[in-house]
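Here's a friendly walk through the sheets of this model and the helices that lie on them. Have a look first, then read on.

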Amino acid sequence: MRVLVTGGAGFIGSELVRSLLRDEHPYFAGAEVTVFDKLTYAGNLANLAPVAASPRYRFVRGDICSPADLDAGLPGHDVVFNCAAESHVDRSIGAAADFVTTNVLGAQQVFEACLRHGVGRVVQVSTDEVYGSIPLGSWSEEQLLEPNSPYSAAKAGGDLIARAYAVTYGLDISITRCSNNYGPYHFPEKVIPLFVTNLLDGVPVPLYGAGENIRDWLYVSDHCRALALVAEKGERGEIYNIGGGRELSNRRLTELLLEATGQDWSLVEQIVDPRGAGHDLRYSVDFSKAAALGYAPRMPFEQGLAETVQWFRDNRAWWEPLKARAAIPGR
């Protein structure tokens with residue numbers, strides 16, 4: 001079997017690639033894996049260093065918005081995971097066009113190329129943010145889409161294009177919507193790696209408002225296990241929520257990160273949320289549909305967080321240059 005992962009040098013994509021090449025997913029045992037990545041600021045070949053010597057690994061530099069690039073890298077693959085995306089909410093506020101281009105047009109170009117080259121199975125990797133905010137309960141896959149940021153709106157657009165390609169063209173594609181991921185190799189602009197790396201250096205961290213926003217946390221390897229299950233068992237045109245089963249307020253998350261790094265509240269700066277009144281207070285997904293395929297999160301949050309903090313302690317050579325090049329606050 002030959003598998004192509006777009007955005008495979010990013011956080012989630014690279015974990016999927018590493019796990020595939022470590023044969024962690026029985027259905028894909030022995031698969032050859034191609035990474036297709038433009039290598040934007042968040043794409044990093046260092047994420048793939050642990051498996052780069054594998055004879056089953058291949059890298060193709062390309063842009064999912066380019067049919068020519070896709071025609072050069074995609075033919076001959078049996079399964080495509082579309083992990084390529086612009087994914088940072090705050091960046092989307094100032095550069096919405098980039099998010100629409102990649103997350104909508106780029107997704108459509110991937111699906112079109114899959115049709116053109118006869119790819120048998122496709123998974124569109126999306127986000128729970130397409131649903132908007134939910135005060136109580138958890139979203140099912142039938143929930144109305146009410147995205148509130150250019151990022152989430154663009155991802156919702158890509159999901160709708162995916163559905164259209166399933167219905168109109170018969171493309172065998174499933175859509176996944178995950179909750180907030182965390183783990184090793186997480187680009188240090190997102191909240192957990194930003195807070196961990198800042199706190200390790202004794203640098204203040206920005207907590208929006210009173211920290212009341214609530215997120216469900218999903219360890220990245222659990223997410224990738226679910227992606228493999230959906231690729232194997234999911235149905236054409238269907239959507240599968242993927243959750244971690246651990247909801248925390250940002251304030252409680254900050255407390256845990258302060259404890260893990262040996263710091264205190266003197267390093268917390270409470271700031272106005274730049275997203276203003278349109279921010280999402282709470283995300284929560286019902287992932288019983290994915291559970292019916294055999295999915296359940298395995299990593300306890302406390303253990304996953306401890307392992308993540310330790311990974312960042314041990315891998316300064318990975319994250320320090322990234323923060324410097326991207327001009328991320330705290331460097």
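Two strands count as paired if DSSP finds at least two bridges between them. Helices (H or I, at least four residues) and strands (E, at least two) are DSSP runs, numbered from the N terminus. This is a predicted model, where local features need pLDDT of at least 70, side-chain atom pairs count only at pLDDT 80 or more, and totals for chains, interfaces and linings use all residues. Residues are numbered from 1 along each chain as its sequence is written, and side-chain values use heavy atoms, leaving out hydrogens and water.

Let's start with the open sheet of 7 strands, ordered β3-β2-β1-β4-β5-β6-β10 with parallel pairing. Its edge strands, β3 (57–61) and β10 (239–242), each pair on one side only. From one strand to the next, the twist averages 20 degrees (axes are lines fitted to C-alpha atoms, for helices over the stretch in contact, and angles run from 0 to 180 degrees between N-to-C directions). Inside this sheet, V3 has V33 of β2 as its bridge partner.

Then there's an open sheet of 3 strands, β7-β9-β11, and here the pairing is mixed. β7 (180–182) and β11 (247–249) sit at the edges with a single partner strand each, so one side of each has no neighbour in the sheet. Across from S249 in β11 you'll find I214.

Here are two strand pairs:

| Strands | Direction | Bridges |
|---|---|---|
| β1 (residues 2–6) and β2 (residues 32–37) | parallel | 5 bridges |
| β9 (residues 214–219) and β11 | antiparallel | 3 bridges |

Now the helices. Helix α5 (residues 150–169) lies across β5 (121–127) and β6 (173–178), at about 155 degrees to β5. Helix α8 (residues 250–261) lies across β9 and β11, running at about 90 degrees to β11. Contact here means heavy atoms within 4.5 Å.
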